[in-house]
Amino acid sequence: MSDELKKYWNLFVSGDKSAFGKIYEHYKPILTFYCLGLLKSMPNAENCSSEVLIKVYNQARPEEIKNPESWLFTLAKNLCISQLRQMKSRDNILHELNRNQSKTEIPGVELQQNAEVINRLIEENLNESELKIWKLHAEGFNNKEISDKLDINEKTIANRKSEIRNRLRKLVKQHLRS
Amino acid sequence: MNKKPKIPSPELLLDYLDGILDLENTHRIRKEIEESEELKSIVDGIVHLKELEEYDNEQILEYIQKLQSGFKEEKTISKLIPNTKFIWLKIAASLLLVVTAWFVLQNIFSTTTMSDFVDVQLSEIYPAPELFRDKNSDWTLVHKYYNEGEYNFAATELSKIKTSDPDDKAADFYLGLCYLYDNKTDRAIEYLQSVSTSTSRLSNNAKWFLSLAYLKTRNEPMAKSILTAVIDAKSYKHEEAQKLIELFD
């Protein structure tokens, strides 16, 4: 959990229910995709992630939870297992849970073989400011954190990232065709 | 220099999957995915949206934003009252919405304090049986199924072990746990009871889970009696037992 999230978690634990909004904002997409990876059903994944977050919100003693992030995933996994058990046969469940090879071998990731070329494309086509934004994004910082570090408006960061993303995708597609 | 958050955001993972990150971070994220079951599932979820639901990248980013904004009731209410002259009305309406949402959540989703505590305790899964027992291949399967959350199948393997050794208290203990995690609480109580009254090294651990099982069946007198024994003996989970007993009326 990042320092920023820990701050909001501590506020929530001390009774500030509004701090839960930041926790929700961060974990709702992550948990939804996590459940979607297991359940392969969007409505079920959304329901599961909602159920996990409602449990957090209604937790009478959140201070008892030593590792909140780990607890969220444990809860989500258990809910998904229950759902799968209801929906599928044993073989399908084992197939879902036992995959050792994650889907990192998808078309976009084949570009790792050309990663140095991508690196060059990034360095040649982004200006200094864009490079900083993109690097911080790649290192895992969210828009607010990037905004604080670079002293640029948060909405500007979001817009710039979107522009950079679209430009890089076009360049990568051109590279693949050539 | 830069501190890294633990789980990459879905937005970042999407960029990783599209191959538009720099070399260093591409390798870093790939390594993190390989080492994390959670990240593997998150990536699978994104790929599911791309390949089976046929979302393009813009749609995925919009979907992420939609998920994130689910908690923003105050902003929704503000949009319904465009005239800024009536700011007092906006504020009053916002407060009314927040208070109403709080009451609705409390009424629809309210669970007893004790039930919340029990759920938290049961969400921390007890460690799987040690694999030095692999002289008997059934324990290897128990270990595998238990770790995968397949408590039903783990219980089947444990029952086979019991057939060849009816006095195996470790098998009884793990049978109790499997039935407890699988919401077959009455069967869980049967096995945990047997271990808790034995001389097995797991008897104190069994007492704790037995108390949780009795609470799940709303048998508070039995639960309270066992929790008191756990506290008096200062045995496994005695601090949690103390907190739990304070929640009784």
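Contact here means heavy atoms within 4.5 Å. The model analysed is predicted. By that criterion, Lys161(A), Arg165(A) and Arg169(A) of helix H9(A) meet Glu11(B), Leu14(B) and Asp15(B) of helix H1(B). By class, this contact has one nonpolar, no polar and five charged residues. Helix H9 spans residues 154-177 of chain A, and helix H1 spans residues 10-17 of chain B. Their axes come within 11 Å and cross at roughly 20 degrees. H9(A) is therefore roughly parallel to H1(B). The crossing is left-handed.

A helix pair within chain A was also examined. Helix H1(A) covers residues 3-13. Its axis and that of H2(A) come within 8 Å and cross at roughly 135 degrees. This angle makes H1(A) oblique to H2(A). The crossing of H1(A) and H2(A) is left-handed. From H1(A), the residues Leu5(A), Tyr8(A), Trp9(A) and Phe12(A) take part. They meet Phe20(A), Lys22(A), Ile23(A), His26(A) and Tyr27(A) of H2(A). The residues of this contact divide into seven nonpolar, one polar and one charged.

The largest nonpolar core has 71 residues. Within this core, Phe33(A) and Ile42(B) have the most contacts. Helix H2(A), residues 20-39, gives the most to this core, with twelve residues. Neighbours within four places in sequence aside, Ile42(B) is in contact with Ile30(A), Phe33(A), Tyr34(A) and Phe73(A) from chain A, and with Ile7(B) and Leu13(B) from chain B. A second, separate core has 50 residues. Among them are Ile161(B), Ala171(B), Leu175(B) and Ile231(B).

Technical notes:
Residues are numbered from 1 along each chain as its sequence is written. Chains are lettered from A and ligands numbered from 1 in the order in which they are written. This is a predicted model: local features need pLDDT of at least 70, side-chain atom pairs count only at pLDDT 80 or more; totals for chains, interfaces and linings use all residues. Side-chain values use heavy atoms; hydrogens and water are left out. Axes are lines fitted to C-alpha atoms, for helices over the stretch in contact, and angles run from 0 to 180 degrees between N-to-C directions. Helices (H or I, at least four residues) and strands (E, at least two) are DSSP runs, numbered from the N terminus. Angles under 35 degrees count as roughly parallel, over 145 as roughly antiparallel, 65 to 115 as roughly perpendicular and the rest as oblique. A crossing is left-handed if the near helix is turned anticlockwise from the far one by less than a right angle, and right-handed if clockwise. Ala, Val, Leu, Ile, Met, Phe, Trp, Tyr, Cys and Pro count as nonpolar, Asp, Glu, Lys and Arg as charged, and the others, Gly among them, as polar. A nonpolar core is a set of buried Ala, Val, Leu, Ile, Met, Phe, Trp, Tyr and Cys residues joined through side-chain atoms within 4.5 Å. Buried means under 20% relative accessible area, exposed over 50%, partly exposed in between (1.4 Å probe, protein chains only).
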